[in-house]
Amino acid sequence: MVTWTRWWQWRWRRGQGQEHLHRNWGNGCACGPDLCGHPLSRCRPGGAMKVLLLTGLGALFFAYYWDDNFNPASLQGARVLLTGASAGVGEELAYHYARLGSHLVLTAHTEALLQKVVGNCRKLGAPKVFYIAADMASPEVPGRVVQFALDKLGGLDYLVLNHLGSAPAGTRARSAQATRWLLQVNFLSYVQLTSLALPSLTDSRGSLVVVSSLLGRVPTSFSSPYSAAKFALDGFFGSLRRELDVQDVNVAITMCVLGLRDRAEAAEGVRGVTRARAAPGPKAALAVIRGGATRASGVFYPWRFRLLCLLRGWLPRPRAWFIRQELNVTAAPAAA
């Protein structure tokens with residue numbers, strides 16, 4: 001009897017609360033389902049806090065994107081070493097730098113594709129363009145690449161790390177051998193290139209631009225080795241930024257968080273498992289260049305990824321339903 005009485009009391013208060021909410025919403029009352037009749041200052045603060053939070057986030061994003069001091073002329077004559085330049089975002093980065101008059105050293109795994117990109121960069125007006133084919137899976141290759149760039153350009157103003165190694169999605173990709181290969185290409189080679197180029201960047205007060213992935217901030221299914229490498233990048237360069245600050249070394253580090261849609265080559269590793277579509281990213285490439293030129297600490301493209309990374313701190317365990325919306329779950333077991 002007591003249970004039914006409480007249930008009817010709850011129903012009555014809920015109905016009255018809804019009437020109260022509709023009646024007073026225009027007056028700014030956000031007290032929710034309790035009929036209090038008080039002004040906003042004395043009502044329950046939940047609704048008001050939501051409004052304030054959303055307003056604050058909106059103001060933050062507006063201020064972040066409105067405050068843009070990008071000067072394209074600053075990249076004219078800049079000496080740039082760009083990795084992963086044969087396709088996708090890397091190719092678009094090369095073309096943007098060429099239009100802006102930068103001196104380029106391009107590197108990627110496939111020489112034929114590199115030659116095509118080099119030819120296009122020259123047509124777009126790049127004063128100097130050199131290339132070196134390199135497989136970052138070999139530990140000795142990063143040293144050769146940096147030395148080649150220093151010999152050709154006489155120094156570096158920008159080191160743009162964009163190369164990517166991917167593996168098929170599924171449980172096979174979690175083998176020790178596949179993980180070791182991914183870590184060499186997607187993490188250790190970044191560390192080697194940075195260590196070797198840092199003295200020149202220190203002399204020129206240059207910039208390190210690291211093109212990473214949303215999977216380096218928000219883990220998802222069937223990508224554990226890839227996510228591990230990308231999370232390692234975030235930790236390494238975040239720590240390095242603090243070390244350089246403490247040592248008064250004027251080298252900027254810009255971490256760029258891109259999604260699968262803007263890294264066309266990344267889609268090959270998860271084909272048939274994810275529903276996300278991959279596409280070339282000229283706009284993503286321009287966002288990376290702007291972030292590096294303005295010495296921003298982070299770039300998020302699309303912009304909503306910044307909010308997603310913030311929300312991950314509040315909601316660390318996403319429900320399985322949301323994850324399944326991005327996955328072809330019938331194909332996932334087949335990859336095992």
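**Exercise 1. Is the crossing of α5 and α6 right-handed or left-handed?** Work out how these two helices pack in this predicted model.

*Solution.*
- Start by finding the helices: α5 covers residues 141–153, and α6 covers residues 176–204.
- Next, take the geometry. Their axes lie 9 Å apart and make an angle of about 30°.
- Angles under 35 degrees count as roughly parallel, so α5 is roughly parallel to α6.
- Now the hand: α5 and α6 make a right-handed crossing.
- Then look at who meets whom. From α5 come Pro-142, Gly-143, Val-145, Val-146 and Leu-150, and they face Ser-189, Gln-192, Leu-193, Leu-196, Ala-197 and Ser-200 of α6.
- Finally, sort those contact residues by type: seven are nonpolar, four are polar and none is charged.

**Exercise 2. Which residues have the most contacts inside the largest nonpolar core?** Then trace what builds that core.

*Solution.*
- The largest nonpolar core holds 34 residues, and Leu-106 and Cys-121 have the most contacts inside it.
- Go through the elements that supply at least two residues each: the strands are β1 (79–83), β2 (103–108), β4 (158–161), β5 (207–213) and β6 (252–258), and the helices are α3 (88–99), α4 (111–123) and α8 (282–293).
- Zoom in on Cys-121. Leaving aside residues up to four places away in sequence, Cys-121 touches Ala-94, Tyr-95, Ala-98, Leu-104, Leu-106, Ala-126 and Val-129.
- Don't stop there: a separate core of 31 residues also exists, with Leu-153, Leu-156, Leu-159 and Met-255 among its members.

**Exercise 3. Which residues does Phe-130 touch, not counting those up to four places away in sequence?** Decide, too, how Phe-130 should be classed by accessibility.

*Solution.*
- Place the residue first: Phe-130 sits in strand β3, residues 129–133.
- List its partners, with the sequence neighbours up to four places away left out: Leu-104, Val-105, Leu-106, Phe-148, Lys-152 and Leu-153.
- Pick out Leu-153 from that list. Phe-130 and Leu-153 are 23 residues apart in sequence, with 9.1 Å from C-alpha to C-alpha.
- For the class, note that buried means under 20% relative accessible area and exposed means over 50%. Phe-130 has 24% relative accessibility, so it counts as partly exposed.

**Exercise 4. How many helices and strands does the protein have?** Step back and add the whole-chain numbers.

*Solution.*
- The secondary structure comes to 10 helices and seven strands.
- Of the 336 residues, 43% are buried.
- Among contacts with a separation of 6 or more, 68% link residues 24 or more positions apart.

Definitions and conventions. Residues are numbered from 1 along each chain as its sequence is written. This is a predicted model: local features need pLDDT of at least 70, side-chain atom pairs count only at pLDDT 80 or more; totals for chains, interfaces and linings use all residues. Side-chain values use heavy atoms; hydrogens and water are left out. Axes are lines fitted to C-alpha atoms, for helices over the stretch in contact, and angles run from 0 to 180 degrees between N-to-C directions. Helices (H or I, at least four residues) and strands (E, at least two) are DSSP runs, numbered from the N terminus. Angles under 35 degrees count as roughly parallel, over 145 as roughly antiparallel, 65 to 115 as roughly perpendicular and the rest as oblique. A crossing is left-handed if the near helix is turned anticlockwise from the far one by less than a right angle, and right-handed if clockwise. Contact means heavy atoms within 4.5 Å. Ala, Val, Leu, Ile, Met, Phe, Trp, Tyr, Cys and Pro count as nonpolar, Asp, Glu, Lys and Arg as charged, and the others, Gly among them, as polar. A nonpolar core is a set of buried Ala, Val, Leu, Ile, Met, Phe, Trp, Tyr and Cys residues joined through side-chain atoms within 4.5 Å. Buried means under 20% relative accessible area, exposed over 50%, partly exposed in between (1.4 Å probe, protein chains only).
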